[in-house]
There are 2 protein chains.
Amino acid sequence: MAQKPTIPKGTRDFSPAEMMRRQYIFDTIKGVFRTYGFAPLETPAMENLSTLLGKYGDEGDKLLFKILNSGDYAVGLTDDEVRRFSKISEKGLRYDLTVPFARYVVQHQNELSFPFKRYQIQPVWRADRPQKGRYREFYQCDVDVIGTRSLLCEVELIEIVERVFRALGIRVVLKMNNRKILCGIAEAIGYADKMMDITVAIDKLDKIGLDNVKAELLERGLTQDAIDRLQPILELTGSNMQKLDKLSTLLAGSEVGMLGIEEMRTLFGYLDRERIDLPVELDLSLARGLNYYTGAIFEVKALDFAIGSICGGGRYDDLTGIFGLKGLSGVGISFGADRIYDVMCALELFPASVNCSTQVLFVNLGSDEETAVLPMLRDLRDAGVAAEIYPESGKMKKQMEYANRRAIPYVVIVGSEELASGAATVKNMQTGEQRQVSFDELSEAVFSC
Amino acid sequence: MAQKPTIPKGTRDFSPAEMMRRQYIFDTIKGVFRTYGFAPLETPAMENLSTLLGKYGDEGDKLLFKILNSGDYAVGLTDDEVRRFSKISEKGLRYDLTVPFARYVVQHQNELSFPFKRYQIQPVWRADRPQKGRYREFYQCDVDVIGTRSLLCEVELIEIVERVFRALGIRVVLKMNNRKILCGIAEAIGYADKMMDITVAIDKLDKIGLDNVKAELLERGLTQDAIDRLQPILELTGSNMQKLDKLSTLLAGSEVGMLGIEEMRTLFGYLDRERIDLPVELDLSLARGLNYYTGAIFEVKALDFAIGSICGGGRYDDLTGIFGLKGLSGVGISFGADRIYDVMCALELFPASVNCSTQVLFVNLGSDEETAVLPMLRDLRDAGVAAEIYPESGKMKKQMEYANRRAIPYVVIVGSEELASGAATVKNMQTGEQRQVSFDELSEAVFSC
């Protein structure tokens with residue numbers, strides 16, 4: 001036999017078993033998005049390179065998958081042939097859903113109603129070096145509202161986080177911070193120009209501890225005096241509101257810092273009144289990588305499984321500015337489907353029904369039996385039961401093995417005895433238990449997964 | 001302002017309104033697939049070029065979108081730079097779902113249970129010249145069972161066609177033929193070697209008429225005598241079974257032809273017993289383009305809108321042979337989502353609820369009103385109603401316009417009067433009718449789209 005075919009490194013096939021679990025996650029998330037009035041959007045896999053380039057930094061530009069311009073010269077071409085083409089690529093695969101969303105909003109600004117609420121669940125592609133948990137093709141699952149500065153939008157996104165993870169059965173904590181507070185901290189300690197250095201360093205607080213963060217800040221050029229002023233901020237304790245109260249003394253001199261504190265007070269006030277059933281924690285060391293956030297930032301971590309953040313996002317004030325449309329503020333979050341999948345597998349949170357594509361298999365014992373069985377099969381399907389018949393008549397053992405391998409929970413047997421009695425044998429494949437059900441009543445029987 | 005960004009020609013954005021209609025089609029189709037025990041599969045967008053090349057003919061090879069190997073040299077590269085890369089592309093975007101499916105089955109043959117029943121709904125990419133109704137990115141929606149020769153599979157696919165189009169409200173006719181009968185016809189008239197020429201010519205019967213088909217057959221090298229023997233076959237009338245009876249006399253000398261007739265008799269026998277509620281028509285001029293079909297072939301046409309076939313497929317005996325796994329027979333059909341979408345738009349078959357992403361908008365008239373309204377909003381969402389609040393307080397007119405543009409059917413107004421009376425004003429945006437509903441009872445009110 002020829003060598004087995006393979007797929008490009010960093011890509012994946014999703015088997016039926018995996019797909020059913022993934023669809024369960026996506027359907028749950030979509031259901032919540034819909035309840036909040038978010039509507040679906042899809043953009044093409046390919047964007048013009050002019051749309052993509054320069055949006056993700058130099059490193060990001062290198063990680064774009066680029067598509068050859070013409071379909072007919074790419075393979076086995078000679079150097080001379082290649083040389084004839086001055087521009088070999090003008091299109092690339094999307095790198096995330098955010099830039100295509102911004103492009104869409106700008107392109108269709110006159111058709112859209114603002115605030116514009118959309119969700120988008122599509123794959124993205126990155127030419128990253130593949131490694132465990134990092135793929136070259138993976139789904140993103142984004143929800144954003146653009147065209148309003150209202151903090152109610154942040155509240156809604158937090159509620160969405162609550163509902164999604166409650167529905168999936170994952171216990172989580174939501175960590176929050178605010179870019180304006182991070183600016184304020186930098187201002188308050190006299191290093192407004194070193195905001196990025198400071199956030200990068202304090203982002204590591206959890207991992208490397210306070211002393212190492214202080215050492216790094218010294219290396220990055222801060223004075224000991226500034227670091228001494230920073231320390232009490234990093235050591236704030238108490239409830240979120242208590243932290244904000246103390247912070248408002250420490251950042252009193254920073255206008256932007258006080259703005260950030262005010263935003264967070266408003267937000268936490270909403271969350272208290274709405275009785276959000278979700279631990280929400282102000283974490284001043286939370287920075288998130290992306291530069292475009294300008295207000296609240298979010299990160300969700302699973303409480304019972306260590307895997308990094310499974311959801312995150314924030315407020316951005318100028319996402320569409322890169323395409324020439326200024327002044328549209330938005331806020332969004334993104335659910336990490338692959339990590340959520342891993343958490344749910346590890347904690348065994350998928351309901352049994354998710355693993356069950358067929359509820360009932362009719363064995364096929366010959367043409368008379370098949371003729372008797374087909375109307376029953378049709379009735380079951382009419383009743384919405386996922387059912388099938390083994391397509392060929394043959395040995396019972398083989399057909400039972402098929403049911404086992406497919407994890408089909410019920411097998412209906414109609415052989416010569418059953419034909420004579422008018423009652424089918426229904427076998428529960430988990431318990432091995434068998435019962436007789438008259439042909440007429442089969443479509444009303446319960447075949448739960 | 002900068003020039004508005006665009007997307008590559010031949011690609012599309014799907015707006016929320018389009019997406020909701022598309023999801024309705026896909027969800028309907030998926031629901032039927034599931035009832036028949038088909039499970040979902042997804043394969044990566046990129047396949048190795050070695051998997052794709054040579055599978056679609058020379059023309060197809062040219063229409064593959066090829067991906068540059070490395071992320072970092074594609075744009076603005078000099079001739080010298082390009083010359084350094086001897087192989088610039090090893091990956092391509094999938095051209096259909098059939099070849100990736102065959103690749104998957106061969107790659108995972110030892111993990112799969114045969115017969116293997118899968119459906120797959122994913123985009124494909126073709127570097128075709130874009131024109132009306134032809135796109136460079138479009139979804140295919142395939143359902144196949146592989147690993148059995150049982151004609152019950154054909155019957156199930158026909159039932160799936162029946163159920164899908166009944167659920168969508170599209171009246172259709174299913175045209176069927178059999179590649180073995182086409183071989184038999186070629187044999188019977190003495191041109192077994194010209195089967196392709198003959199089928200290509202008679203495929204045009206509907207369009208160009210019998211006389212022109214005969215002229216074309218002469219041009220393609222058939223003798224007048226052979227054409228005279230072909231004519232009665234093309235002029236067969238009567239029921240499907242009657243046509244098969246007459247055909248079995250005409251093709252009596254062809255073993256393969258008689259096999260095809262027997263298959264179709266068995267199939268039509270099943271369809272009669274199963275009382276399929278779908279016009280099914282044996283059409284001997286039906287050929288379908290793809291070369292790999294070896295048995296029954298299908299094509300579905302809408303009865304009330306002229307748009308070509310909206311679904312098609314057939315039996316193939318050696319799909320996985322291209323990857324070295326011989327002897328696996330399968331059968332499948334593919335639903336044309338874009339055409340189904342066009343038919344449903346033209347005939348206005350989408351239910352009103354499909355156009356409605358938000359059922360209820362709460363207007364926002366200030367902070368006291370907002371505070372009163374938020375618990376009601378939460379209760380409605382708990383009850384599964386898609387609801388939202390206008391995120392900023394402001395003029396009623398602007399908020400009502402937003403509801404109108406978003407096609408939100410109900411608006412709930414809570415202003416100072418309503419706060420005093422404890423009853424919200426609920427406005428039906430279609431009829432303009434208003435009623436009062438007490439705050440407590442709002443979550444039980446009906447907000448149908």
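Is A:Glu348 buried or exposed? Exercise 1 settles this, and the others follow the same pattern.

This is a predicted model, in which local features need pLDDT of at least 70, side-chain atom pairs count only at pLDDT 80 or more, and totals for chains, interfaces and linings use all residues. Residues are numbered from 1 along each chain as its sequence is written, chains are lettered from A and ligands numbered from 1 in the order in which they are written, and side-chain values use heavy atoms, with hydrogens and water left out.

**Exercise 1. Place A:Glu348 and A:Arg275, and classify their exposure.**

Step 1. Take the cut-offs. Buried means under 20% relative accessible area, exposed means over 50%, and partly exposed is in between (1.4 Å probe, protein chains only).

Step 2. Apply them. A:Glu348 has 70% relative accessibility, so it counts as exposed. A:Arg275 has 69%, so it counts as exposed too.

Step 3. Find the loops. A:Glu348 lies between helix H13 (337-346) and strand S12 (360-362) of chain A. A:Arg275 sits between helix H12 (255-273) and strand S8 (280-282) of chain A. Helices (H or I, at least four residues) and strands (E, at least two) are DSSP runs, numbered from the N terminus.

Step 4. Check phi. Most residues other than glycine have a negative phi. Phi of A:Glu348 is near 55°, a positive value. Phi of A:Arg275 is near 50°, also positive.

**Exercise 2. Find the cis peptide bonds that end at A:Pro115 and B:Pro115.**

Step 1. Recall the usual case. Most peptide bonds are trans.

Step 2. Read chain A. A cis bond joins A:Phe114 and A:Pro115, with omega about -5°. A:Pro115 is in the loop between helix H5 (98-107) and strand S5 (116-125) of chain A.

Step 3. Read chain B. A cis bond joins B:Phe114 and B:Pro115, with omega about -5°. B:Pro115 is in the loop between helix H5 (98-107) and strand S5 (116-125) of chain B.

**Exercise 3. Describe the largest nonpolar core.**

Step 1. Define it. A nonpolar core is a set of buried Ala, Val, Leu, Ile, Met, Phe, Trp, Tyr and Cys residues joined through side-chain atoms within 4.5 Å.

Step 2. Size it. The largest core has 125 residues. Those with the most contacts inside it are A:Phe165, A:Ile170, A:Met176, A:Ile310, A:Phe335 and B:Phe362.

Step 3. Find the main contributor. Helix H6 (residues 152-168) of chain A gives the most, with 10 residues.

Step 4. Look for another core. Apart from this one lies a core of 123 residues, among them B:Tyr119, B:Val172, B:Val300 and B:Leu328.

Step 5. Link to a general trend. In soluble globular proteins, nonpolar side chains tend to be buried together.

**Exercise 4. Show which side of helix H8 of chain A is buried.**

Step 1. List the buried residues. In H8 (residues 195-202) they are A:Met195, A:Ile198, A:Thr199, A:Ala201 and A:Ile202.

Step 2. Use the arc, taken from the directions from the helix axis to the C-beta atoms. These residues cover only 165° around the axis, which puts them on the same side of H8(A).

Step 3. Name the cover. It includes helix H7 (179-188), helix H9 (205-219) and helix H10 (224-234) of chain A.

**Exercise 5. Describe how H7 and H12 of chain B pack.**

Step 1. Choose the quantities. Two packed helices are described by the angle between their axes and the distance between the axes.

Step 2. State them. The axes of H7 (residues 179-188) and H12 (residues 255-273) of chain B come within 7 Å and cross at roughly 145°. Axes are lines fitted to C-alpha atoms, for helices over the stretch in contact, and angles run from 0 to 180 degrees between N-to-C directions.

Step 3. Sort the contact residues. They divide into six nonpolar, three polar and four charged. Ala, Val, Leu, Ile, Met, Phe, Trp, Tyr, Cys and Pro count as nonpolar, Asp, Glu, Lys and Arg as charged, and the others, Gly among them, as polar.

**Exercise 6. Describe the surroundings of B:Pro44.**

Step 1. Place it. B:Pro44 is in the loop between strand S1 (39-40) and strand S2 (46-48) of chain B.

Step 2. Classify it. Its relative accessible area is 0%, so B:Pro44 is buried.

Step 3. List contacts (heavy atoms within 4.5 Å). Not counting residues up to four places away in sequence, B:Pro44 touches A:Ile7, A:Thr11, A:Arg12, A:Asp13, A:Glu137, B:Arg94 and B:Arg103.
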